[in-house]
Amino acid sequence: MLRPESTILAPRPSLRSTCRVIFGASAARIDRTGRTSTLEVGLPVLGGAPDEVLLQTSHASETRHGCVMFDAGTETAGLAVAAPDTDLETAARDLYRQLFAATRGRRLYRVWNYVPGINAVHAGLENYRRFCRGRSVAFEEQFGVDYQRQLPAASAVGANPGPLAIAFLAGDAAPRHFENPRQVPAFEYPADYGPRPPSFSRATLVESAERRQLFVSGTAAIRGHATIAVGDLPGQLACTRENLHIIAATAGAGADFGAADDWQRTLKVYIRHARDLAAVSRDLDDHLLRPGDIVTYLHADLCRSDLQVEIEAVLTKDV
């Protein structure tokens with residue numbers, strides 16, 4: 001189910017400034033041409049939309065605390081890229097410090113992390129684990145030792161060559177964060193997965209008078225805290241789909257991943273091996289997708305070297 005439409009996370013009125021992420025770039029950078037600021041990241045597009053609109057606003061973007069920021073009423077979106085050649089742990093800590101400063105007074109809903117060389121190992125520690133340590137230090141600095149209660153939905157995928165880049169959404173409404181009852185919360189992973197656990201919730205629900213929006217984090221074949229069906233793509237897809245249904249049901253969108261209640265569904269599917277595109281898209285067409293879903297397939301390394309596919313989603317329903 002490969003569709004050319006752009007993923008839409010906010011309505012598209014005729015406004016002046018757009019916060020957008022563009023895939024398929026040669027490196028991570030922010031392009032501020034005209035009134036549309038874009039984050040370009042090195043994720044090759046295998047099918048579907050080549051970009052993602054995070055927010056549109058009548059206000060021009062501005063730079064705050066090193067982040068390019070977009071304000072639209074009760075919501076804020078932002079983009080940030082680390083300085084080239086910065087140590088990854090330092091880059092993660094510093095970008096999140098900038099994020100917290102730029103969104104001060106608002107709650108964090110969703111973060112997308114584009115991590116260079118995510119599975120590469122330097123000085124005995126994988127880059128993803130370096131990133132996780134820097135990110136968690138920034139969260140703890142911001143929210144204290146109980147920072148886990150503040151963790152939004154998130155994803156972290158390998159985008160080469162880098163540098164580290166992030167995009168994020170925040171707002172005034174109080175979000176509700178959810179965990180998958182069949183998974184150990186990522187922020188409680190044991191030390192086997194690194195010196196600091198990952199800092200995200202499995203899903204975040206934001207409700208307003210106009211709509212409900214469920215941000216589903218990057219979801220893969222994990223039970224408890226262990227990878228399932230290593231080397232078995234159909235097995236990993238089946239587990240991933242089951243996890244998507246469980247977290248949607250837990251967060252109030254229904255056990256059918258929002259299908260019966262007419263949620264608008266946008267998905268990004270990250271595939272480690274580009275050769276698996278046909279098998280992945282066929283599986284999702286048969287078992288998950290429906291007419292009207294908006295899907296982008298991207299070639300990316302994932303947070304664990306034994307994972308072959310990861311899926312994230314945004315479910316939106318007008319009230």
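## The second largest pocket

In this predicted model, the lining of the second largest pocket divides into 6 nonpolar, 3 polar and 5 charged residues. The lining has 14 residues. Those nearest the centre of this pocket are Thr 74, Glu 75, Ser 208, Glu 210 and Arg 211. The volume is about 260 Å³.

Which strands each supply at least two residues of this lining? They are strand 16 (203–207) and strand 17.

## The largest pocket

The largest pocket has a volume of about 340 Å³. Its lining is made of 25 residues. Tyr 128, Tyr 189, Ile 222, Cys 303 and Arg 304 lie nearest the centre of the largest pocket. By class, this lining holds 12 nonpolar, 6 polar and 7 charged residues.

Helix 2, strand 13 (153–158) and strand 17 (211–219) each give at least two residues to the lining of the largest pocket. Which element gives the most? Helix 2 does, with 4 residues. Strand 17 also serves the second largest pocket, where it supplies at least two lining residues.

## Aromatic rings

Helix 2 also takes part in an aromatic contact. The model has 8 aromatic pairs. One of them is Tyr 96 with Phe 139, whose ring centres lie 5.6 Å apart. The planes of these two rings meet at 45°, so the pair counts as tilted. Tilted covers the range between stacked, under 30 degrees, and edge-to-face, over 60.

The pair links distant parts of the chain. Tyr 96 sits in helix 1 (residues 88–102), and Phe 139 sits in helix 2 (residues 127–143). The two residues are 43 residues apart. Are they buried or exposed? Both Tyr 96 and Phe 139 are buried.

These two rings belong to a wider group. Tyr 96, Phe 100, Phe 139, Phe 143 and Tyr 147 form one aromatic cluster.

## A covered strand

Strand 6 (residues 51–57) is mostly covered. How many of its 7 residues are buried? The count is 7 of 7.

Strand 6 has a partner in strand 2 (residues 17–23). The two strands run antiparallel, and 6 bridges join them. Within this pairing, Cys 19 stands opposite Leu 55 of strand 6. In a regular strand, side chains alternate between the two faces of the sheet.

Methods
Residues are numbered from 1 along each chain as its sequence is written. This is a predicted model: local features need pLDDT of at least 70, side-chain atom pairs count only at pLDDT 80 or more; totals for chains, interfaces and linings use all residues. Side-chain values use heavy atoms; hydrogens and water are left out. Rings of Phe, Tyr and Trp (its six-membered ring) pair if their centres lie within 6.5 Å; planes under 30 degrees apart count as stacked, over 60 as edge-to-face and the rest as tilted. Buried means under 20% relative accessible area, exposed over 50%, partly exposed in between (1.4 Å probe, protein chains only). Two strands pair if DSSP finds at least two bridges between them. On a 1 Å grid over the protein atoms alone, a cavity is a set of points where a 1.4 Å probe fits but cannot get out, and a pocket is an open set with protein on both sides within 12 Å along at least five of seven lines; lining residues have an atom within 4 Å of a point. Grid points are joined across faces, edges and corners, and a volume is the space filled by probe spheres set on the points. Ala, Val, Leu, Ile, Met, Phe, Trp, Tyr, Cys and Pro count as nonpolar, Asp, Glu, Lys and Arg as charged, and the others, Gly among them, as polar.
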